[in-house]
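Please look over the structure shown here and its sequence. The report below walks through its fold, its aromatic rings and one helix packing.

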Amino acid sequence: MSQHNMPQFKLLPEDDDDCRIWRSRLISIREAVLPILRNNVSPDFTDHSVKHSDTVATQVDELTSMMPHDKRLKPIEAFILYVACYLHDFGMHYEGNGANVIMQGQMSEQYWRDLQRHERSEE
């Protein structure tokens with residue numbers, strides 16, 4: 001697992017059993033999207049890699065730390081918010097008809113990695 005610069009996910013503390021489950025699922029999602037977010041089909045845009053998503057998740061931690069304790073997010077709400085950090089730019093990594101292939105479950109991670117750059121933008 002690539003934990004270099006992994007956000008702390010402060011809303012899902014490791015010492016809480018329920019939060020540990022959400023945290024584990026979140027880290028699995030982060031790892032699953034990492035190779036796709038690594039693809040840069042639009043090099044003229046700003047960074048949309050997992051590093052960017054990690055930064056957004058860290059900003060979630062910073063912003064929510066100012067919330068009053070009685071207004072804190074529930075673990076499921078925090079999980080959804082963190083997942084959004086990793087999926088908010090996801091569509092920028094697929095162009096053309098790729099969305100149809102993905103929705104039909106026909107595109108595996110290995111298939112995507114094996115495509116040439118020009119093929120990814122046409123997929």
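Read from start to end, the chain follows the pattern α-α-α-α-α-α. That amounts to six helices and zero strands. The model is a predicted one. The chain has 123 residues, and buried residues make up 36% of them. Take the contacts between residues at least 6 apart in sequence: 70% of these join residues at least 24 apart.

**Aromatic pairs**

How many aromatic pairs does a search of the whole structure find? The search finds three. Two of them are set out here.

| Pair | Geometry | Centre to centre | Angle between planes |
|---|---|---|---|
| Phe 9 and Tyr 82 | edge-to-face | 5.0 Å | 75° |
| Trp 22 and Phe 79 | tilted | 4.8 Å | 40° |

Start with Phe 9 and Tyr 82, which link distant parts of the chain. Phe 9 sits in the segment before helix H1, which spans 17–38. Tyr 82 belongs to helix H3, residues 75–87. In sequence, 73 residues separate the two. Phe 9 is buried, and Tyr 82 is buried too.

The edge-to-face label follows from the angle: planes over 60 degrees apart count as edge-to-face, and the planes of Phe 9 and Tyr 82 stand at 75°.

Now turn to Trp 22 and Phe 79. Trp 22 lies in helix H1 and Phe 79 in helix H3, so this pair ties together parts 57 residues apart in sequence. Are these two residues buried or exposed? Both Trp 22 and Phe 79 are buried. Trp 22 has a charged neighbour as well: Arg 25 lies over the face of its ring, 5.2 Å from the ring centre.

Ring pairs also build a cluster, made up of Phe 9, Tyr 82 and Tyr 86.

**Helices H2 and H3**

Helix H2 covers residues 50–64. H2 packs with H3 at an angle of about 150°, and their axes are 8 Å apart. Why are the two helices called roughly antiparallel? Angles over 145 degrees count as roughly antiparallel, and the angle here is about 150°. H2 and H3 are therefore roughly antiparallel to each other. Their crossing is right-handed.

Which residues make the contact? On the H2 side they are Val 50, Ser 53, Asp 54, Val 56, Ala 57, Val 60 and Asp 61. On the H3 side they are Leu 81, Tyr 82, Cys 85 and Tyr 86. Two of these H3 residues, Tyr 82 and Tyr 86, also belong to the ring cluster with Phe 9.

Methods. Residues numbered from 1 in each chain as written. Predicted model: local features only at pLDDT ≥ 70, side-chain atom pairs only at ≥ 80, totals over all residues. Heavy atoms only, no water. Phe/Tyr/Trp six-rings, centres within 6.5 Å; stacked < 30°, edge-to-face > 60°. Helix = DSSP H or I, 4+ residues; strand = E, 2+ residues; numbered from the N terminus. Buried < 20%, exposed > 50% of the residue type's maximum accessible area, 1.4 Å probe, protein only. Lys NZ or Arg CZ within 6 Å of the ring centre and 35° of its normal. Axes fitted to C-alpha atoms, helices over the stretch in contact; angles between N-to-C directions. Parallel < 35°, antiparallel > 145°, perpendicular 65-115°, else oblique. Left-handed = near helix turned anticlockwise from the far one by under 90°. Contact = heavy atoms within 4.5 Å.
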